[in-house]
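User: I'm new to this structure and would like a close look at a single part. Could you pick one helix, walk me through it slowly, and then show me how its surroundings compare with other spots in the model?

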Amino acid sequence: MVELLETAQLKVKVHNLRPGTFQALSDHLDEVGERFYHIIHFDTHGSLASYADLEEARKAKKVLFQSRWGLDDIPHYEGLRAFLFFESDVKGKAVPVEAAELAQLLLTKQIPVCIINACQSAKHIGQRGETSLGSTLMGAGIQATLALSYSVTVSAAKILMEEVYRQVFARQSLPDAVSRGRRQLYKQKGRKAYFNETIDLEDWLLPIIYQNRPVDFNLRDFTPQEQEAYFQKQELSHRIHHKPNYGFFGRDLDIMAIEKHLLQHNMLLLTGMGGTGKSTLLDYLAWWWEKTGFVRQSFYFGYDETAFTLEQILFLLAQKLFDERTRATFQSSSLATQKGKISTALKSERYCLILDNCESITGHPLAIPNTLPEDEQETLKEFLRDLSGGKSVVLFGSRGTESWLKNETFRRNTYQLGGLDPEARSDLAVQILKELHIELPTKDPQFHQLMGLLAGSPLAMEVILPNLTHHTPAQIIESLRAGDVDLERQDGKDKTESILRCVDYSHSNLSPDAQKLLLCLAPFTSVINLEFLPQYTDQLRTFPTFRDWPFHLWEKVIQETVNWGLMEPLGQNTPIMSLQPVFPYFLRTKLQQTLDDPGREHLNQAFMAHYTGLAGFIRTLFLSKEPEGKQTALVLAELEYENIYAALEMCLQRKQSIINTYACLSDYIDAIQDQNKGLRLGEMVLRRIEDYPPQLLGGEAGVELVGVVDDIARRFLLTKQLTQATDAYLRALDILQNLTGSEEKQKALMTASIYNQLGRVAQELREFEEARKNYEQALEIKIEFKDRYYQASTYHNLGMVAQELREFEEARKNYEKALEIYIEFKDRYSQASTYHQLGMVAEELREFEEARKNYEKALEIDIEFKDRYEQAKTYHQLGMVAEELREFEEARKNYEKALEIFIEFKDRYSQAGTYHNLGMVAQELREFEEARKNYEKALEIKIEFKDRYSQASTYHNLGMVAEELREFDEARKNYEKALEIYFEFKDQYYQEIVKRSLKRLEERKG
């Protein structure tokens, strides 16, 4: 909205409330007085809530239920009431303010129009809508209110509000402005959804205008004096110095966090690595804060441009703070008087003073051009110290810690600026490539990997993404790893426009020992865990190249590198360092110039050995029977993924063992449920191993090949590509039988594992006897070789076959055997899936309380191990139990929890089952159109995944909905489709159910 005003050059005054508390709103309106504002706009959360809803949110520590500043406690009430949620002084907790309470405040200040960009602010229950926030405000006397009837996407709100304000400022009536806003929503249906997806929505009906009488803002033209004052202020307003080449993107959360920091203490150090956009953000903040009323005026001094002395700063401040007569006497005053006058002005009113690129102030004169002598540094520090605690805000921008200023100014008030958030970096990439006429390669997984390596660094993106003009993402990644591509911008003339010069600017200021030692970090990609640095150093020392290197200086070198913005801690008190995105590439170019071929190979061998060991350690954590172990494995694998991947590629290139690196990456992919990523990884490794010489493939490399093929087959199975899964498992068996260099027990147990998986494929194909035969074959081998622990998984699978064949007691018996073994081996995590299946058996036997008990045990374990994905399956089943017990709202709540997780993990296939069951709940509640919508979503996904058998149940339920709506021909059509599928799969049990539905249909028609 603010940008719209700026573009349209509209003479509108905007004030952004900071902080967003009810107290701050009340205090501000008291300060400005009555009839000051024409419009108040709430961009916050809204909801219709029962007293029980508020009580539940209080217990979950999400709201401050009572003891609200300036408001009475909320008494118990029946039904629903409309609330807006304000910020509080307690982090993470909101304050609910009821519509009537809000209306009372606005009426006392005579604000005629209230725009509420809050979900459900116009939602109501009942025909007259007494519960809606918008109607309550209108009923209380607000002339006009714009509100939203349901949840709305951010992109929809932006389209709507831009058009509404454009029309209102053009002096159109509010109803006409809202009508045009709706028209824009209708014309532009694409909305940004989760995970960067775009969906078309018919949400133009959501905005609702409430009006009890026409609104006249009584706008008039400026008087000559007002016009003069307005344009004088415009002339003095901040002009952006560091205008980004492609526009300003994101930083909303960073800006909010910085503002909250400044409300605690008026001085702050903004620090971050080179290329993260510190100067751009500071420059933008100066403009933004002026436009939104946070400060009266902003003053920016960049030490990358000039070595500003205090005298120069005072002179320039006086030019803007004082009138001509005051300036004349100011210039003839002593420096002490000048300091006093400026200090008094800045402390008594809220201005913004920014000193950027502060690392230059104390930098070495030969390396950095704009330094200050020590006496000037001290003079500047004394002046800044006097501003501490005043009304004006003072920001320092630097790559370093600026310890010389810390105690007297910002103290501990620092903010570490990272890269752009995922949405903003995506928007910036679109703009960069659009100007180069390059289509965004969103479907290329290597492009997403490249974006991950760039870590949202705006400068790195601006320099590297244009290389897509002539190179693929994979080629750019390979070049970055090899250090052999020229990434200099041809038009870059100063250090802030070239990423390599930006890095070199910092690197050249490091000591010679630091520059030498940092070469050892060249193979790393994104992070370095300092806890593991001693182990890496031990590996380096085993090679002659590095035996005499100054490794005892690591701690000092790391601190130097942090001080110069080339790496930074990922958080407070963490040993994990994030590398400036292009720093590793820079080091690799230095490596080419510094070490000979044997030296570079020694470095790579040390890196491989280190990460092979670390990957093995993370694997043992993934296999841990304790929740803490698995959670640690997930965190480490996520952080170290790119480094482990780099080590895997080095191992493949040198035909060395990949068992640890590959398995660790695969375990991580299992944890995040990204099967397509797992397939890409497996197929890349398979291509590389297939090129190994036959003598290698006959031994341990052959065993690893079997493991990779088996892993690929498992991914095919999980993505329902069953033919490909069968072929891959049979290929793995064939390779295994031809191995000559493996011991009998190892081959036998691997064979058993493959038979177990072939059983799962047969089960998915509903070839249950074939599945049982494969499971029994696997079990026989495991018993023969006394592999009791792994017998559990086969007993579990035999239970699933019996369950599918409706042999429920046989199923229960097998599950209990599996559970017994898991308990014996203290494998609590694996017990969850067996408890889950025991719940399903009890549910089939209509022992619903027993089923619920088992599901809750499974859920407890999954929550304990933070296995969010598995929780979804259990929430789904708990929904089914509640549905059977006719607890329909409980059922719907559990299904929606399951669906949320499936969407989060992009598990589209599993969403189908949950949509189907949401349809059943809606059907039971006689919400037939809602039921049909959910069934059709389920059917669409099942058809997409070619799951023909389960389509039958959805066709059957679509028939039941059509029958209830007396659409008898549609009902028959769906019943017959369901029956056709059940005949095809020889499922007599469900054939009879559908036949009874057809018979009932004929009777109803007759």
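**A close look at helix α37**

Analyst: Let's start with what is tucked away: in α37 the buried residues are F848, A851, R852, N854, Y855, A858, L859, I861 and D862. Buried here means under 20% relative accessible area, with exposed being over 50% and partly exposed in between, using a 1.4 Å probe and protein chains only. Helices are DSSP runs of H or I with at least four residues, strands are runs of E with at least two, and both are numbered from the N terminus.

Before going on, a word on the source: this is a predicted model, where local features need pLDDT of at least 70, side-chain atom pairs count only at pLDDT 80 or more, and totals for chains, interfaces and linings use all residues. Residues are numbered from 1 along each chain as its sequence is written, and side-chain values use heavy atoms, with hydrogens and water left out.

Back to α37, residues 848-864. Its 17 residues should span 24 Å at 1.5 Å a residue, and the end C-alpha atoms are indeed 24 Å apart; the expected span is 1.5 Å times one less than the number of residues. Covering its buried residues are, among others, α36 (828-844) and α38 (868-884), where contact means heavy atoms within 4.5 Å. Just after the helix, K866 takes a positive phi of about 55°.

Now for another helix, α11 (residues 310-321). Its 12 residues reach 16 Å from the first C-alpha to the last, close to the 16 Å expected. L310, I313, L314, L317, A318 and L321 are its buried residues. Seen down the axis, they fall within an arc of 135°, so they line one face of the helix; that arc is taken from the directions from the helix axis to the C-beta atoms. They pack against β11 (298-302), α12 (324-331), α13 (335-348), β12 (352-356) and α14 (374-387).

One of those neighbours, β12, is mostly covered, as five of its five residues are buried. C352, I354 and D356 point one way from the strand, while L353 and L355 point the other way. β12 runs parallel to β11, joined by five bridges, and L355 is the bridge partner of F301. β12 also runs parallel to β13 (residues 393-398), with four bridges, and there I354 stands opposite L395. Strands pair if DSSP finds at least two bridges between them.

Finally, some rings. Phe, Tyr and Trp rings (the six-membered one for Trp) pair if their centres lie within 6.5 Å; planes under 30 degrees apart are stacked, over 60 edge-to-face, and the rest tilted. That rule gives 33 aromatic pairs. Take Y284 and W288: their centres are 6.3 Å apart and their planes at 10°, so this pair is stacked. Both lie in helix α10 (residues 278-291), four residues apart, about one turn of the helix. F607 and Y611 make a tilted pair, 4.8 Å centre to centre with 50° between the planes. These two sit in helix α25 (residues 597-622), and both are buried. Elsewhere, ring pairs link Y949, Y982, F985, Y989 and Y990 into a cluster. R766 lies over the face of Y949, at 3.6 Å from the ring centre; a charge sits over a ring if NZ of Lys or CZ of Arg is within 6 Å of the ring centre and within 35 degrees of the ring normal.
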